[in-house]
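What follows is a short report on one protein chain and its metal site. It is best read with the sequence and the coordinates at hand.

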Amino acid sequence: MTQEMWTAVDNYIVETLGLEKSLYREVQAACDAAGLPPIQVSASQGKLLEIFVRMTRAQSVLEIGTLGGYSTVWMANGLPPGGRVVTLEIDVKHAEVAAANFARAGLSDRIDLRIGPALETLPVVEREGAGPFDLIFIDADKANIPSYFEWALKLSRFGSVIIVDNVVREGAVIERDSTDVSVQGVRRLNEMLPTIEGIESTVVQTVGGKGYDGFTIVFVRRQ
Ligand code: SAH
Ligand code: DHB
Ligand code: MG
């Protein structure tokens with residue numbers, strides 16, 4: 001099995017199911033035109049995030065790591081009227097591209113974009129009482145995943161779902177002695193998960209146009 005095959009099948013899925021509506025292509029094109037790194041979720045994964053929002057009947061979503069807002073737009077489109085996404089981004093340029101994309105999508109009124117290091121904006125979000133969030137998507141710097149996960153728990157309620165992106169890392173997650181801080185961030189989360197009471201968690205490996213990676217999926221059943 002090769003990347004070429006995974007990409008071909010991903011393209012087939014996106015085309016056959018008609019997943020990537022023109023809005024998503026426009027948002028993607030704006031990210032590319034601005035020179036952002038092509039590290040957003042794929043269309044099939046974006047649709048999965050939208051479905052998670054719908055499955056959980058989420059009214060409030062927290063995203064850590066906005067980039068150009070591609071995943072944000074997918075999630076925002078799964079919300080009912082009055083639903084809201086708070087999304088956190090450290091890079092001003094990324095945030096500017098994202099803000100333009102939210103306007104393009106007609107979603108500016110339901111997306112609250114906060115600029116700054118997430119470990120500084122998360123306490124502000126908490127202090128403002130913006131939580132608890134029904135769904136939380138962690139997709140920023142991977143070394144801080146354990147801290148982001150602690151924040152996600154703090155900003156959760158009974159029934160909240162927490163998703164973490166990029167947790168398999170082409171299989172590098174099994175390298176115990178890895179010197180890659182991203183791998184170590186994911187490994188620390190994996191070691192934390194079974195010690196936390198009141199959550200159910202799993203990791204699902206994924207392949208597709210964005211390579212070989214995976215999502216951690218956590219259900220909060222006690223707060
Ligand atoms: N969720 C996006 C992709 C996010 S890429 C999508 O799928 O469309 C990761 C983003 O996290 C980058 O834009 C990066 O600038 C941002 N980031 C990195 N470190 C951060 C930090 N400490 N706080 C907030 N955002 C951070
Ligand atoms: C990177 C970040 C991501 O969130 C992702 O999905 C892929 C790559 C990165 O920082 O390289
Ligand atoms: Mg990611």
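Which residues does Val186 touch, not counting residues up to four places away in sequence? In this predicted model, Val186 touches Lys142, Ile145, Asn166, Val167, Arg169 and Val173. Val186 itself lies in helix 8, which spans residues 181–192, and because its relative accessible area is 1%, under the 20% limit, Val186 counts as buried. A long separation in sequence goes with a long separation in space for one pair that includes this residue: the C-alpha atoms of Val186 and Gly83, 103 residues apart along the chain, are separated by 30 Å.

## The chain as a whole

The chain holds eight helices and seven strands. Its radius of gyration is 17 Å, close to the 17 Å that the globule rule gives for 223 residues, so the chain is as compact as a globular protein of that length. Taken along the principal axes, the C-alpha atoms fill a box of roughly 45 × 45 × 30 Å. Of the 223 residues, 52% count as buried, and among contacts with a separation of 6 or more, 70% are made by residues 24 or more positions apart.

About 10,600 Å² of the chain is exposed, and carbon and sulfur atoms supply 55% of that area. The side chains include 21 positive and 29 negative ones, and the centres of these two sets lie 6 Å apart.

## The magnesium site and the loop after strand 5

The magnesium ion (ligand 3) is coordinated by Asp139 (OD), Asp165 (OD) and Asn166 (OD1), at 2.0 to 2.2 Å. Along the chain, these donors follow the spacing D-x25-D-N. Both Asp165 and Asn166 are buried.

Asn166, one of the residues that Val186 touches, is placed in the loop between strand 5 (161–165) and helix 8. Its relative accessible area is 16%, under the 20% limit, and therefore Asn166 counts as buried. The backbone of Asn166 is also notable in one respect, as its phi is near 65°, a positive value in a residue other than glycine. Most residues other than glycine have a negative phi, and most peptide bonds are trans.

Arg169 lies in the loop between strand 5 and helix 8 as well, and it too has a positive phi, of about 55°, although it is not a glycine. Is Arg169 buried or partly exposed? With a relative accessible area of 23%, which falls between the limits of 20% and 50%, Arg169 is partly exposed.

## Helix 6 and the turn that follows

Helix 6 covers residues 118–127, and in it Ala118, Thr121, Leu122, Pro123 and Val125 are buried. The cover over these buried residues includes strand 1 (60–64), strand 2 (84–89), strand 3 (111–115) and helix 7 (145–154). Just after helix 6, Gly129 takes a positive phi of about 75°. A cis peptide bond, with omega of about -5°, joins Gly131 and Pro132, and Pro132 is found in the loop between helix 6 and strand 4 (135–138).

## Exposed loop positions

Ile39 is placed in the loop between helix 2 (22–33) and helix 3 (43–55). Because its relative accessibility is 56%, over the 50% limit, Ile39 counts as exposed. Residues up to four places away in sequence aside, Ile39 touches Leu67 and Lys210; the C-alpha atoms of Ile39 and Leu67, which are 28 residues apart along the chain, are separated by 8.4 Å.

Gly106 lies in the loop between helix 5 (92–104) and strand 3. At a relative accessible area of 55%, Gly106 is likewise exposed. Gly106 and Val73 are 33 residues apart in sequence and 9.7 Å apart in space, C-alpha to C-alpha.

The table sets out the relative accessible areas of the residues discussed individually.

| Residue | Relative accessible area | Class |
|---|---|---|
| Val186 | 1% | buried |
| Asn166 | 16% | buried |
| Arg169 | 23% | partly exposed |
| Gly106 | 55% | exposed |
| Ile39 | 56% | exposed |

Notes. Residues numbered from 1 in each chain as written. Chains lettered and ligands numbered in written order. Predicted model: local features only at pLDDT ≥ 70, side-chain atom pairs only at ≥ 80, totals over all residues. Heavy atoms only, no water. Donors = N, O, S within 2.8 Å, 3.2 Å for Na, K, Ca; no water. Buried < 20%, exposed > 50% of the residue type's maximum accessible area, 1.4 Å probe, protein only. Helix = DSSP H or I, 4+ residues; strand = E, 2+ residues; numbered from the N terminus. Rg over C-alpha atoms; globule rule 2.2 N^0.38 Å. Contact = heavy atoms within 4.5 Å. Areas by Shrake-Rupley, 256 points an atom, 1.4 Å probe, with all protein chains shown as cover. Lys, Arg positive; Asp, Glu negative; His and termini not counted. Charge placed at Lys NZ, Arg CZ, Asp CG, Glu CD.
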